[in-house]
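I opened my notebook to record what I looked up in this structure, entry by entry, beginning with a pair of strands and working outward to the sheet that holds them.

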Amino acid sequence: MLDIRTLLIIDDCAADRKIYRRYLLKDPHQSYQILEADCAEEGLALCRKARCDVILLDFCLPDMSGLELFDQMQQEIFKTSVPVIMLTGRGDEEVAVQVMKRGALDYLVKQHLTQDVLQLAVRNAIKQSCLQAQLQKTQERQRLIATTALRIRQSLNLEQILNTAVAEVQELLKCDRVMVYQFAPDTDGKIVASSVESYRTVALCDRVGAGKEAGEQGAGSREQRKERGKLITHSPPCTLYPAPLPLLPNSQSPIPYIYELGLCNCVSLKEQFNTKANLVVPINLSNNGNPTPKLWGLLIAHHNSGERQWQTDDAEMLNEVSVQLAIAIQQAELLAQTQAALAKEKQLNVFKSQIIATVSHEYRTPLTSILAAASTLVKHSQQLDESKQERFLGIIEQKARYMSKLVDNMLLVNQFELEKPKFKPIPLDLLQFFSDLIEQERETAGDRHELIFQITGNHQEFWGDRGLLQQIFINLMSNAIKYSPNGGTVEFHLIGKESEVIFYIKDRGIGIPVTDQENLFQSFSRGSNVDTIPGTGLGLAIAKGCVELHGGNIALWSEVGKGTQVTVSLPKICPIPQLSPLST
């Protein structure tokens, strides 16, 4: 079936108009709806009422010349090019040149006009007019895309980029809503930017694929989601229809209806937006030289007010904007990664400086003691009795152990800063484990401190890392003893429950001011009232790191002059992701 084109004949000669009509209606290649006017004024009126694909315009009209009418139509109606074929009763080359310079599509002499000539001229004029319109549309589209891309890429802040993109695309496509959906690395995803009421949009369909509801709506297995991602990655932009389409594992198939992909909360989104048509294109990032791009997310255009048939141009524009958006996203992510690396580097530099300062300070006193004791033994061993020699040897041993522990703590904290130390949980008899540690502490604590060990509940079937648990106990117990300079009782309570064990160490020492307690679990943090009591401020940071590797919690209560209690709760069975391969 042929397209019907609207053609307007403006000629004051009724006989000529009749001839043109007869010629054109016999055209086997084109159908026409023909309008007629016998003067310029009537022709202008018809042009204002109906869109004409071609106008046959007589050069001589009773109320104005054809050129004057042509200029008026160009200025008032068509704005740009006017699809006009000029007809004259005489073959004047000067007139022909003048007409073509004004922008007419063709020039015909009435005396030489035949059926074939008129049909061919009109068909060519229509074709030429369509090409010009398409060219203008393409140029305008490229201009809009370039402007949009420039605005999107003016920022390196990801949030600003996404918000700019959805706003610009909405303006570009003249649609109701535009959203950016970001896939999570594993199974989840969320809408990260919306052109309209973003907070409401995010609240409606922020998380999908993680819960039971998402699973019921077709989130499917991880393999299925990968297939969907592959489908989107390789599919061309296309129109999504209101009726759900089947999910076909064919890369050439259209992208299925978005809700069938499990990307959004189907019911809420449908009810809220009453969406009738969507246009979706993937946002693909370059993948480090890999020919298969990395699917980052989707750029989604919604339209639910009135009829909207998405055109190929719409899909192409959205696709081109998604390419520019992908570049901007990648640049923003690279900047964020660089800034994070710089921040981490600064943090490590500060940490290294703190280590050097601490080592310099904390090593000086024990080294002085060791050197003094060793020098005395070397120079005066003959004059010293056996008990004094043993005392000096004891000083050397004690200070050397302190320095060794200091080195161990430094290395452990360094591991926590750079990367988590290895976690190797095994079944542990906590009663025997802590009993041995308590005995060791009693031997080193001397008579000034009384260590009390109390047990309640069921502490069986516990899995933990022996080395990390030892670090927790030693650091907390040594703090309790160290900050009880006047001696006294230090209590260790072990409480077993059904799914966790709790232990706390309680002393009656100097306590910690409230203002210092907030930062005590950070490296190199100490109470402001420690005075000359030696220490590095690493004990609680190490204990906290070890507790977190077990999936547990640590809390501190303290009051100046009354003492401190540190409570640790650990699950009996460590969370599965934290189990090391060596333990299974």
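**Notes on one sheet**

I began with strands β15 (residues 500-506) and β17 (residues 563-571), which pair in the antiparallel sense over 7 bridges. This is a predicted model, and I keep that in mind for every entry. Looking up individual partners, I found that glutamate 500 is bridged to proline 571 of β17, while isoleucine 505 has valine 566 of β17 as its bridge partner.

Next I looked at β16, which runs antiparallel to β17 and is joined to it by 7 bridges. Here glutamate 559 has glycine 563, in β17, as its bridge partner. I noted that β16 and β17 form a hairpin with 3 residues between them, and that glycine 561 in the turn has a positive phi of about 85°.

I then asked how the strands are ordered in the sheet, and found 5 strands in an open sheet with mixed pairing, in the order β12-β14-β15-β17-β16. Because β12 (449-457) and β16 (553-559) stand at the edges with a single partner strand each, one side of each is left without a neighbour in the sheet. From one strand to the next, the twist averages 10°. As a reminder to myself, strands of a sheet pair through backbone hydrogen bonds, either parallel or antiparallel.

Is β17 enclosed or open to its surroundings? I found that 8 of its 9 residues are buried, so β17 is largely enclosed by the rest of the structure. My last entry concerns helix α16 (residues 539-549), which lies across β16 and β17 and runs at about 150° to β16.

Note on methods
Residues numbered from 1 in each chain as written. Predicted model: local features only at pLDDT ≥ 70, side-chain atom pairs only at ≥ 80, totals over all residues. Heavy atoms only, no water. Pairing = 2+ DSSP bridges. Helix = DSSP H or I, 4+ residues; strand = E, 2+ residues; numbered from the N terminus. Axes fitted to C-alpha atoms, helices over the stretch in contact; angles between N-to-C directions. Contact = heavy atoms within 4.5 Å. Buried < 20%, exposed > 50% of the residue type's maximum accessible area, 1.4 Å probe, protein only.
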